[in-house]
Amino acid sequence: MWALRRASINLRNRGLSSGVTRICCAKPEIARCYLENCNSGIVDSRKDLSNTFVHSTRAYNTSSSSNPYMEVRTFSSEAGAKSSEEQTDDVADAFTELDTPLTAVKETASADEADESMSEAELSDGESIENELDTLETKTDGGERRSKTRATSAMFKAILASNNLPVGKVLDKWVEAGNEVTRTEASMAMFDLRKRRMFVRALQLSEWLESSKNIEYKENAYASRVDLIAKVRSIFKAEEYISKIPESFRGEIVYRTLLANCIAASNVKKSEELFNKMKSLFPITCFSCNQLLLLYKRVDKKKIAEVLSLMERENVKMSHFTYQILIDVKGQSKDITGMEKIVETMKSKEMEPNTKILLSLARNYVSTGLKDKAEAVLREMEGGDIVKNRWACRYLLPTYASLEREDEVERIWKVCESNPRHEECMAGIEAWGHLKRIEDAESAFDKMMKKLQKPSSKHFTALLKIYADHKMLEKGKDLVKRMSESGCSVGPLVWNAVVKLYVGSGEVEKADSILEKAIKGRKGKPLCDSFLAILDGYANKGDVHNAEKIFMKIREAGYTARAKPYKSLLYAYINAKAPAYGFRERLKADNVDADLGALLARVDAFGKKALTKSSQNLLDV
């Protein structure tokens, strides 16, 4: 029963406070699975969560909110805002035409986000908010989401047809024309705006709905507003708005919406402060703990064990998403034995792996070269009848491609090819692109375009990434022009693809200017990945000046406490054969814990040579 006692003793002996080691016996197996075979970094963390957060002696069995659809999508974000800057080239011209002249936009982005985001793509769909005014999606037993069959929102059509007009003015005229504003109509319009990542217009719709008093505002609608403000303006503006929400509607859902956005922005200090505040106001939920796990997965894996201890002490039941995060962390560290133990523990709790967990297992097997195990998982997803389980095709296509199983990709694609769904086309584009079958990727793209009445930038970005990966600059330019003609809105994901297109073609300065144009035009907060691509480009050239400039932009964008920018910057100094004076102090000041000793030693050598040469010059004098 007390299976974690041995681990607890080890933790105490290595300096963690007793607050973390007083663990309930409710779920000792998962903590043991995570703690065993971990490197010493797990238990040498700089700060204990029991000191970081307000201590709570309460024990609630609360895994999530009673409203299952009230979850927050914050792992990727886009919003458009037209730039008034001069257009520097044809591609920039095309992108300028894609955006609408809305108010200045600043938004959070992950890293990871991702899901459709940025760096956390494999996890970002785990817990999300699609629409807080009503539930418009269902989950199948396979774990995938499917939209309910519903009529197209007339309100959304009016907003979409308005081009550059503010949503409030459009809807005022829409109401004057005799249209009725109902909760269902507003819900469908909000859903469609969010689905298309038109967050600026979604925020304007939210503001109009509240000011016009056409529908009664409840807690979930306020949470929706918080999420949109955080995406479009900033997490600090969202926090200010919370103070204006009537106290009776200022519940846990509102705060956890802000928490998820703070974590999407990798703002460690703000995230911990907010979690601390929520502990004093509400029972601890699995959702909030999962958000912390996502944060520490990204910035400080040493604290993951502490979050698990906190969950056990507070008797917070783990969800599928919790296990998915832990499985992915183990996979990333190449600890396949530990990953499989977590799966066993999960099954012992009568929780079978869902689609996303199976997919995570397969990807981690692929990354560690265990192809047979990966294929076994994929066959389990197929269920013996891929036609019957067609929902799995969009997951199988890119994963089989990563295994270089061209024959399996062809077999799965034949199931979809005659009448493919747009998600299957997206997966096909990715799979064929990975296999360097560009014509087949283009064919899948063309099939998707025929199916979609109004394609979004996400659909174009799928093929644009393929062109970027294969350094097909001219085709990329043509695709951008096609995007412009279709009237798509542009955000960080598209800019990321364009930046990589130019960097991959050796035009780092052009990529830099395009991203700078997006920032000045307030197109939204670029992904950290976009900055890193340019930083790596300058680093490879040994261009220390421009590398430092991009590094400062990464900091200004709020992407702190990450080791990768520092590593890339060190390579700039190495390739320039220049000393990096004070670099260790910079790491310490920014609280970055990274094993960069070998790289630092290389730049230190340049400093010693410079010092020796200077001393010799003095002697010569």
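**Stop 1: the core.** Start by selecting L205, I429 and I534: of the 168 residues in the largest nonpolar core, these three touch the most other members. Bear in mind as you go that the model is predicted. Now keep I534 and show its surroundings. Leaving out residues up to four places away in sequence, I534 touches V499, V503, V508, A511, D512, L515 and I550.

**Stop 2: a helix pair further along.** Select residues 544-556, which form helix α29, and residues 563-576, which form helix α30. The two pack at an angle of about 170°, and their axes are 9 Å apart. Angles over 145 degrees count as roughly antiparallel, and α29 and α30 are therefore roughly antiparallel to each other. To see the contact itself, show the side chains of V544, A547, E548, F551, I554 and R555 on α29, then P565, Y566, L569, A572, Y573 and A576 on α30. Colour them by class and you will find 10 nonpolar residues, no polar ones and 2 charged ones.

**Stop 3: helix α8.** Next, select residues 183-195. How far apart are the end C-alpha atoms of α8? They are 18 Å apart, in agreement with the 18 Å that 13 residues should span at 1.5 Å a residue. Switch on a surface and α8 turns out to be mostly covered, with 10 of its 13 residues buried. The buried residues are E185, A186, S187, M188, A189, M190, F191, D192, L193 and R194. Just after the helix, click on R197, which takes a positive phi of about 60°.

**Stop 4: K213 and R225.** Move on to the loop between α9 (199-212) and α10, where K213 is found. Most residues other than glycine have a negative phi. K213 is not a glycine, yet its phi is positive, at about 55°. Is K213 buried or exposed? Its relative accessible area is 70%, so K213 is exposed.

From there, step into helix α10 (residues 219-232) and pick R225. With a relative accessible area of 5%, R225 is buried. Which residues is R225 in contact with, leaving aside neighbours within four places in sequence? They are L203, S206, E207, E210, Y217 and Y241. If you would like a distance to check, draw one from R225 to E207: the two are 18 residues apart along the chain, and their C-alpha atoms are separated by 7.9 Å.

**Stop 5: a second helix pair.** Select helix α11 (residues 235-242) together with helix α12 (residues 252-264). These helices pack at an angle of about 170°, with their axes 10 Å apart. That makes α11 roughly antiparallel to α12. On the α11 side, the contact is made by I235, A238, E239 and I242; on the α12 side, by V254, Y255, L258, N261 and C262. Sorted by class, the contact of α11 with α12 has 7 nonpolar residues, 1 polar and 1 charged.

While you are here, pick A264, which lies in α12. A264 is buried, with a relative accessible area of 0%. Another distance to draw is the one to K231: A264 and K231 are 33 residues apart in sequence, and 9.9 Å apart in space from C-alpha to C-alpha.

**Stop 6: helix α20.** For the last stretch, select residues 393-402, which make up α20. Of its 10 residues 8 are buried, so α20 is largely enclosed by the rest of the structure. The buried residues to highlight are C393, Y395, L396, L397, P398, T399, Y400 and A401. What covers them? Show α18 (355-367), α19 (371-382), α21 (406-417) and α22 (422-434), which are included in the cover.

Now zoom in on T399 within α20. T399 is buried, at a relative accessible area of 3%. Not counting residues up to four places away in sequence, T399 touches L359, A362 and L378.

Finish just past the helix at E404, in the loop between α20 and α21. E404 has a positive phi of about 65° although it is not a glycine. Its relative accessibility is 47%, so E404 counts as partly exposed.

Definitions and conventions: Residues numbered from 1 in each chain as written. Predicted model: local features only at pLDDT ≥ 70, side-chain atom pairs only at ≥ 80, totals over all residues. Heavy atoms only, no water. Helix = DSSP H or I, 4+ residues; strand = E, 2+ residues; numbered from the N terminus. Buried < 20%, exposed > 50% of the residue type's maximum accessible area, 1.4 Å probe, protein only. Contact = heavy atoms within 4.5 Å. Core = buried A, V, L, I, M, F, W, Y, C linked by side-chain atoms within 4.5 Å. Axes fitted to C-alpha atoms, helices over the stretch in contact; angles between N-to-C directions. Parallel < 35°, antiparallel > 145°, perpendicular 65-115°, else oblique. Nonpolar A, V, L, I, M, F, W, Y, C, P; charged D, E, K, R; others polar. Expected span 1.5 Å × (residues − 1).
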